[in-house]
Amino acid sequence: MSRRGPPHLPCDPGSVDIPATLQEFVRHLELERGRSAHTVRAYQSDIGRLLAFVWGPDTRQGDPAEFTLLTLRAWLAETTAQGAGRATIARHAASARTFSTWAFRQGLLASDVAARLASPRAAGDVPTVLSAADAARLLDSAREAATAPKASATTVRDWAALELTYAAGLRVSEVTGLDLRSLDFATRTVRVLGKGDKERVVPFGGPAEQALGAWLARREDLVTPASGPALFLGARGGRLDPRTLRAALHRLATRAGVKDLAPHGLRHSAATHLLEGGSDLRTVQEMLGHASLATTQRYTHVTPERLRAAFTQAHPRA
């Protein structure tokens with residue numbers, strides 16, 4: 001295959017410099033597409049796995065002719081066989097299509113081979129949701145652990161981070177990405193940088209304010225030169241890792257005797273409880289930072305009780 005490779009992607013004629021290509025693709029996402037750091041990391045991980053599947057994990061030069069639609073379908077099939085869900089497969093397919101289009105425009109591929117790559121529709125299943133009573137039980141248990149004698153700074157941190165996750169309906173990446181200046185105690189609001197680097201300001205209530213105050217009084221216990229402005233810190237002083245917060249939530253759910261769930265389930269619980277309390281869908285959309293109302297509708301279900309109450313109140317034939 002004859003082609004003219006971009007000068008910033010040095011490789012032998014008819015081959016692809018795999019590490020340099022991945023690096024340039026990441027730069028494209030960051031500088032030209034303006035994707036968020038979280039999205040860039042996800043794409044980099046997906047495409048890194050894809051290139052390793054196509055050309056081998058230790059290969060530095062790849063034959064573009066081996067990057068085919070059939071190979072991409074085999075990659076998705078292997079990912080499915082490994083137990084990945086439909087949402088993960090759909091994301092992998094989207095990553096492959098984005099990379100294929102970019103690589104074709106760069107002259108690395110003879111055609112946009114992933115243009116016809118189909119992907120399963122992401123599952124519409126709602127995540128685990130706690131009742132309002134169970135959410136209170138979970139967070140009360142976190143508070144009891146954090147206010148116990150000789151409670152560690154990380155225990156107080158977990159209480160504050162989860163209170164804020166629930167209060168403001170935040171994604172785990174948003175919680176761990178907060179800086180000290182993100183909080184405004186005067187207005188009880190938090191400034192959040194969400195997907196696509198879109199900012200939103202979300203309110204939080206008294207329990208979250210109390211937990212955050214307790215954490216800020218203990219934050220100094222974990223501060224190191226590497227801490228910077230991060231609001232929530234890990235045990236070694238760096239910015240809190242999302243995996244650490246997920247593990248803390250699993251432990252606290254067990255301790256409180258409620259259903260096990262991930263931080264996204266706590267965010268979804270907050271949205272559900274807002275709807276049950278009478279909030280409209282547009283307000284929940286704004287709070288969650290969804291670009292479209294359709295996304296909010298997918299992640300926030302209306303309970304049968306609320307639907308019955310609305311029907312009884314508003315329908316002329318109720």
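Visitor: What do the side chains of Asp179 and Arg239 form where they meet?
Guide: In this predicted model, the side chains of Asp179 and Arg239 meet in a salt bridge, with an N to O distance of 2.7 Å. The pair links distant parts of the chain, 60 residues apart, with Asp179 in the loop between helix 7 and strand 3 and Arg239 in the loop between helix 8 and helix 9.

Visitor: And is Asp179 buried or exposed?
Guide: Asp179 is buried, with a relative accessible area of 12%, whereas Arg239 counts as partly exposed at 39%.

Visitor: Which residues are joined into one network by salt bridges that share partners?
Guide: Arg157, Asp158 and Arg251 are joined in that way. Within that group, Asp158 and Arg251 form a salt bridge at 3.7 Å, N to O, and this pair also links distant parts of the chain, since Asp158 lies in helix 6 and Arg251 in helix 9, 93 residues apart.

Visitor: How accessible are Asp158 and Arg251?
Guide: Asp158 is buried, because its relative accessible area of 6% falls under the 20% cut-off, while Arg251 is exposed at 53%.

Visitor: Switching topic, where do Asp140 and Arg143 lie?
Guide: Both lie in helix 5, residues 132-146, three residues apart, which is about one turn of the helix. They form a salt bridge whose closest N and O atoms are 3.8 Å apart. Asp140 is partly exposed, with a relative accessible area of 36%, and Arg143 is likewise partly exposed, at 29%.

Visitor: How many salt bridges does a search of the whole structure find?
Guide: The search finds 14 salt bridges, including the one between Asp179 and Arg239.

Notes. Residues are numbered from 1 along each chain as its sequence is written. This is a predicted model: local features need pLDDT of at least 70, side-chain atom pairs count only at pLDDT 80 or more; totals for chains, interfaces and linings use all residues. Side-chain values use heavy atoms; hydrogens and water are left out. A salt bridge is a side-chain nitrogen of Lys or Arg within 4 Å of a carboxyl oxygen of Asp or Glu. Helices (H or I, at least four residues) and strands (E, at least two) are DSSP runs, numbered from the N terminus. Buried means under 20% relative accessible area, exposed over 50%, partly exposed in between (1.4 Å probe, protein chains only).
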